[in-house]
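Hi,

Here's the model we talked about, with my notes underneath. Have a look at it when you get a minute.

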2 protein chains.
Amino acid sequence: MGKIEDAIRQREFKDPYNKAVVNLLFTHSYLVTIQNSLFKPYDISPEQYNVLRILRGQNGKPTTVSSIQERMLNKMSNASRLVEKLKSKGLLIREECPTDRRQVDVVISDKGLELLKELEVKVEEVNHTLIHLNDEEVTQLNDLLDKLRG
Amino acid sequence: MGKIEDAIRQREFKDPYNKAVVNLLFTHSYLVTIQNSLFKPYDISPEQYNVLRILRGQNGKPTTVSSIQERMLNKMSNASRLVEKLKSKGLLIREECPTDRRQVDVVISDKGLELLKELEVKVEEVNHTLIHLNDEEVTQLNDLLDKLRG
DNA sequence: TAATATTGTATGTATATACATTTATTAATG
DNA sequence: CATTAATAAATGTATATACATACAATATTA
């Protein structure tokens with residue numbers, strides 16, 4: 001695939017900062033396209049997978065919708081609706097919080113844990129092959145991204 | 001904001017490759033959230049802005065829908081519908097191609113060019129302030145992203 | 001304690017993404 | 001030339017994003 005200028009057939013960018021923004025958007029699309037095809041056979045979306053991972057990270061401790069929202073990769077997403085989707089598939093359990101009836105307690109189900117286990121192996125494999133960088137370069141990329149956001 | 005582990009409250013990643021994927025998804029969300037707020041007052045979406053930029057890059061030469069699609073940052077998006085949206089706002093002109101009636105010729109309108117000019121200044125400013133990296137680091141990031149995609 | 005503010009979640013609406021399918025037109029082949 | 005294949009664009013459907021608003025429950029305060 002190579003340089004972003006060739007990939008989207010744009011001659012040149014104003015400066016490396018503007019190029020970086022486009023480059024990040026484009027790389028994101030590259031990643032999610034492959035992720036989607038991986039999740040497709042399991043009838044689950046990347047965001048739903050992410051919510052399941054957040055839930056498992058709680059080790060059985062109930063989580064509220066707003067807490068899920070906070071940890072999501074996309075802060076503006078809609079945890080409420082994703083939880084509903086996952087519940088209808090039996091991948092999590094949602095029940096009223098006894099101490100505060102505004103809140104709901106969300107816990108991943110056994111079915112959810114199984115699916116996650118199965119998917120995770122594949123995701124980790126794919127993530128490796130997706131990124132055509134060596135160990136040193138990936139670490140460098142991670143540092144730059146962490147710094148980028150300030 | 002700092003390290004991704006703190007931002008999404010995840011303790012650790014399997015390896016730097018899996019971390020990089022999450023880091024890229026998260027950084028993307030960071031970028032588009034700010035871009036969205038920039039475009040909002042102009043009643044235009046980031047993808048619509050991108051289509052206008054592609055059209056202007058043609059310097060008045062008509063472009064087909066599939067050619068727009070190819071150059072889009074998100075290959076799986078739907079150029080057809082975006083063109084329709086922009087047309088309804090008077091930002092581009094769409095007409096049947098005389099030599100091949102399957103195709104449509106799309107050209108940016110004067111109104112579109114004006115809007116683009118106004119927006120572009122703001123976008124370039126914002127892109128600079130978004131990215132908390134120095135010149136050397138941004139260039140490094142661009143090189144890594146280009147290489148990442150293989 | 002009554003009135004008000006805040007919080008947690010759900011819902012409504014518009015846009016975009018992802019992918020399959022349809023329709024119209026042109027190209028290719030027997 | 002008729003049939004079939006290929007192509008360009010549009011459309012259909014499900015999901016997700018972005019943001020505003022509604023609603024119920026709890027917290028605050030006057």
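Between chain B and chain A I count six salt bridges. One of the pairs to look at is Asp146(B) with Lys19(A), whose side chains form a salt bridge at 3.9 Å, N to O. Keep in mind that this is a predicted model. Polar contacts across the interface of chain B and chain A come to 35 residue pairs, both partners at pLDDT 80 or more.

On the chain B side, H2(B) gives the most to the surface touching chain A, with 19 residues. By class, that side of chain B splits into 27 nonpolar, 19 polar and 16 charged residues.

As for the extent of it, 62 residues from chain B and 62 residues from chain A take part in the contact. About 6400 Å² is buried between the two chains, with carbon and sulfur atoms giving 57% of that. Within chain B, the residues that lose the most area to chain A are Tyr17(B), Leu73(B) and Arg149(B), together 14% of what that side buries.

Now the DNA. There are 26 residues around DNA strand C, and Ser66(A), Ser80(A), Arg81(A), Ser45(B) and Ser77(B) come nearest. Of the strand C atoms within 4 Å of the protein, 72% belong to sugar and phosphate. Ser80(A) puts a polar side-chain atom 2.4 Å from a phosphate oxygen of strand C, while Ser66(A) has a backbone N or O atom 2.7 Å from a phosphate oxygen. For Glu47(B), a polar side-chain atom lies 3.4 Å from a phosphate oxygen of that strand. The surface near DNA strand C has five nonpolar, 11 polar and 10 charged residues, and H5(B) gives the most to it, with three residues.

Cheers

Definitions and conventions. Residues are numbered from 1 along each chain as its sequence is written. Chains are lettered from A and ligands numbered from 1 in the order in which they are written. This is a predicted model: local features need pLDDT of at least 70, side-chain atom pairs count only at pLDDT 80 or more; totals for chains, interfaces and linings use all residues. Side-chain values use heavy atoms; hydrogens and water are left out. A residue is near a molecule or strand if one of its heavy atoms lies within 4 Å of it. A polar contact is a pair of N or O atoms within 3.5 Å; within protein, one must be able to donate a hydrogen and the other to accept it, and residues adjacent in sequence count only if both atoms are side-chain atoms. Helices (H or I, at least four residues) and strands (E, at least two) are DSSP runs, numbered from the N terminus. Ala, Val, Leu, Ile, Met, Phe, Trp, Tyr, Cys and Pro count as nonpolar, Asp, Glu, Lys and Arg as charged, and the others, Gly among them, as polar. Contact means heavy atoms within 4.5 Å. Buried area is the accessible area (1.4 Å probe) that two parts lose on being put together, summed over both. A salt bridge is a side-chain nitrogen of Lys or Arg within 4 Å of a carboxyl oxygen of Asp or Glu.
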